[in-house]
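This briefing reviews selected features of one protein structure, grouped by topic. Please consult the sequence and the structure shown here alongside the points that follow.

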Amino acid sequence: MKEVASQSLQQTIRHLDNAYTAFFRSNSAFPKFKSKKSNRHSYTIPEPKSIRVDFESNKLYLPKFVNTCKNDNRLKCKFHRIFDGEIKQCTISRNADKYYVSILVEENVELPKKPELNRNKSIGIDFGVKTFCTFDNGTKIDSPKYFKQSQNKLAKHQQELETMAKDTTKYKSKKEQISKLHAKIARQRKDFLDKLSHKLTHDSQVETICIEDLSIKKMQEDNYKTTNRIIGDLGWFNFTKLLQYKSDWYGKNFIKIGRFDPSSKTCSVCGNVYHELSIDEREWICKKCNSHHDRDINAAQNIIDFAFTNMEFKKGRDYPIEAQTSLVSG
Ligand SMILES: [Zn+2]
């Protein structure tokens with residue numbers, strides 16, 4: 001027990017308390033013990049006074065960290081950016097073979113004012129399985145190639161692992177290789193989502209971002225069983241979280257409309273609903289007005305339409321908009 005700062009131990013108890021509170025008050029799952037065998041480990045140091053950062057020499061001072069052979073209490077770090085503000089706490093984590101320190105700071109920054117809603121400077125985004133996302137102007141964004149390559153590699157490694165005898169050196173090294181690759185894929189995914197959300201929130205032509213509220217959990221349980229794993233991998237949920245806070249930081253409106261089924265089935269030109277649309281139909285023609293639709297582009301256009309028609313009677317509230325399914329299908 002003496003190896004760790006006392007406050008860190010207390011913090012762990014607080015985490016447990018939070019987990020139980022979440023379990024009893026909301027729908028969270030029952031707390032699980034953390035496995036020694038998992039790839040990710042972390043602990044928090046909630047003592048702002050004993051944490052010091054030296055950007056010049058790239059060193060970090062943490063309580064109880066002493067390199068005994070050099071009698072040195074500094075940690076060599078690579079800082080990804082320099083920050084101001086008051087340090088609140090820091091969390092040390094290990095993912096596969098890399099160690100990270102995340103430092104929480106409090107800064108008094110005023111968020112930029114959000115612009116008035118303007119339909120012409122808005123973008124609607126539809127998320128898909130085949131293409132990562134589609135914009136209402138017809139732009140389609142695929143998952144990057146390097147990401148897919150890593151995933152193929154991972155599948156190959158996992159196949160090889162299954163043929164190996166357990167508890168051998170070869171097996172262990174293969175397992176290590178796999179956990180490193182898992183961490184790499186997670187970094188690649190984060191990088192892709194960060195860059196895309198940065199680009200969208202820095203586009204001068206975009207003042208309002210409209211998306212559908214994705215109940216991914218629901219989707220995974222329901223009818224998407226075969227694509228279950230793929231949906232988890234795509235990271236839509238993380239992407240909407242990134243878009244949300246970046247919109248606040250960079251002064252963009254962010255509208256999340258309630259999840260509604262006919263966004264793909266409604267004709268964006270005349271509003272006619274094509275109920276028979278199947279999941280494999282990528283393109284369709286409206287029976288009423290003869291418009292030719294690309295499934296995803298049409299859905300993105302509907303999302304933006306729906307966000308704006310609902311804004312009319314929910315003025316002054318730009319986030320979140322919870323819309324009723326019946327408003328669309330009716
Ligand atoms: Zn139509």
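**Salt bridges, helix packing and surface features**

Within helix α3, K195 and D191 are four residues apart, about one turn of the helix. Their side chains meet in a salt bridge, with an N to O distance of 3.0 Å. The model is a predicted one, and the count of salt bridges in this model comes to 13.

**Salt bridge within helix α3**
- K195 counts as exposed because its relative accessibility is 56%, over the 50% cut-off.
- Its partner D191, at 30% relative accessibility, counts as partly exposed.

**Salt bridge between K114 and D248**
- The side chains of K114 and D248 form a salt bridge of 2.7 Å, N to O.
- This pair links distant parts of the chain, 134 residues apart: K114 is in the loop between β6 (98-106) and β7 (122-127), while D248 belongs to helix α6.
- K114 is partly exposed at 29% relative accessibility, and D248 is partly exposed with a relative accessible area of 31%.

**Salt bridge between D296 and K140, and its network**
- D296 and K140 are joined by a salt bridge in which the closest N and O atoms are 3.7 Å apart.
- This contact also links distant parts of the chain, since D296 lies in helix α7 (residues 295-311) and K140 in strand β9 (residues 140-141), 156 residues apart.
- D296 has a relative accessible area of 6% and is therefore buried, the cut-off being under 20%.
- K140, by contrast, is partly exposed, with a relative accessible area of 36%.
- A network of salt bridges links K140, R282, D294 and D296.

**Packing of helices α2 and α3**
- The axes of helix α2 (residues 145-163) and helix α3 (residues 169-201) come within 10 Å and cross at roughly 160 degrees.
- Because angles over 145 degrees count as roughly antiparallel, α2 and α3 are roughly antiparallel to each other.
- The crossing of these two helices, α2 and α3, is left-handed.

**The buried residue W236**
- W236 is located in helix α6 (residues 236-249).
- With 2% relative accessibility, W236 counts as buried.
- The C-alpha atom of W236 is separated by 9.1 Å from that of G128, a residue 108 positions away along the chain.

**Nonpolar surface patch**
- L16, Y20, F24 and F30 form a nonpolar patch on the surface, together offering about 440 Å² of accessible area.
- One of these residues, Y20, lies in helix α1 (residues 6-25).
- Y20 counts as partly exposed, at 31% relative accessibility.

Notes: Residues are numbered from 1 along each chain as its sequence is written. This is a predicted model: local features need pLDDT of at least 70, side-chain atom pairs count only at pLDDT 80 or more; totals for chains, interfaces and linings use all residues. Side-chain values use heavy atoms; hydrogens and water are left out. Buried means under 20% relative accessible area, exposed over 50%, partly exposed in between (1.4 Å probe, protein chains only). Patches are made of residues with over 30% relative accessible area and no salt bridge: like charges are joined within 9 Å, nonpolar side chains (Val, Leu, Ile, Met, Phe, Trp, Tyr) within 5 Å. Accessible areas come from the Shrake-Rupley method with a 1.4 Å probe; for residues, only the protein chains shown count as cover. A salt bridge is a side-chain nitrogen of Lys or Arg within 4 Å of a carboxyl oxygen of Asp or Glu. Axes are lines fitted to C-alpha atoms, for helices over the stretch in contact, and angles run from 0 to 180 degrees between N-to-C directions. Angles under 35 degrees count as roughly parallel, over 145 as roughly antiparallel, 65 to 115 as roughly perpendicular and the rest as oblique. A crossing is left-handed if the near helix is turned anticlockwise from the far one by less than a right angle, and right-handed if clockwise.
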